[in-house]
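Please consider the sequence and the three-dimensional model shown here. The paragraphs after it lead from the overall fold to the packing of individual helices and residues.

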Amino acid sequence: MPRAPAKPPAAARPRRPTERNRNPSPLPRHIEIRQRRLPATLGAALKQARKRAGMTQAEAAEGIGIAPEVYGRMERGGVLPSVPTLLRLCLILGSGPHELMGFAEVELGQSAPGANTVPPGLNDTPEKRRLLRRLARLDSPRIKALARLVALLLPGH
């Protein structure tokens, strides 16, 4: 009968973290717990706020300029938004960050105030923002030439 391989000596085995040898966190335990639960908390609040605003996932994603798949992952708690995306979410869904991050309940009975009043520029697509950054680097004669070209491309000219 074959023998099982011998275990390496205890000193050679990798140690699993225990309460004694784990690096202590600088955060209090209740904050660590809330931080670990943040993706799920945010996802549930996003879903409630979106439904309160009467939007589909695709409409909410389009309103903030991200792919519907990414928005769906946010609602399922798989990914956290960046701070600019969180701002756009608050504006498009009519909820404050305190509601979306779990500090206050999303009240389903209320209508979403200003749900579709996004300030200019915040709901631009990534392609539009990229194009605007490139345009900002052009000198005046090139901008004028480009403006004439765009005028030719627009319908009715």
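The account begins with the chain as a whole and then turns to its core, its helix contacts and two leucines.

The model is a predicted one. The protein chain contains seven helices and zero strands, and from the N terminus its elements accordingly read α-α-α-α-α-α-α. Of its 157 residues, 24% count as buried. The chain exposes about 11900 Å², of which carbon and sulfur atoms supply 59%. Among contacts with a separation of 6 or more, 58% are made by residues 24 or more positions apart.

The interior may be approached through the largest nonpolar core, which has 17 residues. Those with the most contacts inside this core are Leu46, Ile64, Ile66, Tyr71, Leu89, Leu93 and Leu100. Two or more residues are contributed by each of α1 (29–52), α2 (57–64), α3 (68–75) and α4 (83–93). The most comes from α4, which gives five residues. Leu46 illustrates how these parts meet: leaving out residues up to four places away in sequence, Leu46 touches Tyr71, Met74, Glu75, Leu89, Leu93 and Leu100.

Two helix pairs deserve separate description. Two packed helices are described by the angle between their axes and the distance between the axes. For α1 and α3, the axes come within 7 Å and cross at roughly 115°. An angle from 65 to 115 degrees counts as roughly perpendicular, and α1 is therefore roughly perpendicular to α3. On the α1 side the contact involves Pro39, Gly43, Ala44, Leu46, Lys47 and Arg50, which meet Tyr71, Met74 and Glu75 of α3. Classified by type, the residues of this contact comprise five nonpolar, one polar and three charged.

The pairing of α1 with α4 has its own geometry. Here the axes lie 9 Å apart and the helices pack at an angle of about 30°. Angles under 35 degrees count as roughly parallel, so α1 is roughly parallel to α4. From α1, the residues Leu42, Leu46, Ala49, Arg50 and Arg52 meet Leu86, Leu89 and Leu93 in α4. The residues of this contact divide into six nonpolar, no polar and two charged.

Which residues does Leu100 contact beyond its neighbours within four places in sequence? They are Thr41, Leu42, Ala45, Leu46, Ala49, Leu86, Leu89, Cys90 and Ser95. Leu100 itself is found in helix α5, residues 97–100. Its relative accessible area is 0%, and Leu100 is therefore buried. In sequence, Leu100 and Gly43 stand 57 residues apart, while their C-alpha atoms are 8.1 Å apart in space.

Leu80 provides a second vantage point, in the loop between α3 and α4. Is this residue, Leu80, buried, partly exposed or exposed? Leu80 counts as partly exposed, because its relative accessibility is 42%. Setting aside residues up to four places away in sequence, Leu80 touches Leu38, Pro39 and Leu42. The C-alpha atoms of Leu80 and Val70 are separated by 9.7 Å, the two residues being 10 apart along the chain.

Key. Residues are numbered from 1 along each chain as its sequence is written. This is a predicted model: local features need pLDDT of at least 70, side-chain atom pairs count only at pLDDT 80 or more; totals for chains, interfaces and linings use all residues. Side-chain values use heavy atoms; hydrogens and water are left out. A nonpolar core is a set of buried Ala, Val, Leu, Ile, Met, Phe, Trp, Tyr and Cys residues joined through side-chain atoms within 4.5 Å. Buried means under 20% relative accessible area, exposed over 50%, partly exposed in between (1.4 Å probe, protein chains only). Helices (H or I, at least four residues) and strands (E, at least two) are DSSP runs, numbered from the N terminus. Contact means heavy atoms within 4.5 Å. Axes are lines fitted to C-alpha atoms, for helices over the stretch in contact, and angles run from 0 to 180 degrees between N-to-C directions. Angles under 35 degrees count as roughly parallel, over 145 as roughly antiparallel, 65 to 115 as roughly perpendicular and the rest as oblique. Ala, Val, Leu, Ile, Met, Phe, Trp, Tyr, Cys and Pro count as nonpolar, Asp, Glu, Lys and Arg as charged, and the others, Gly among them, as polar. Accessible areas come from the Shrake-Rupley method with a 1.4 Å probe; for residues, only the protein chains shown count as cover.
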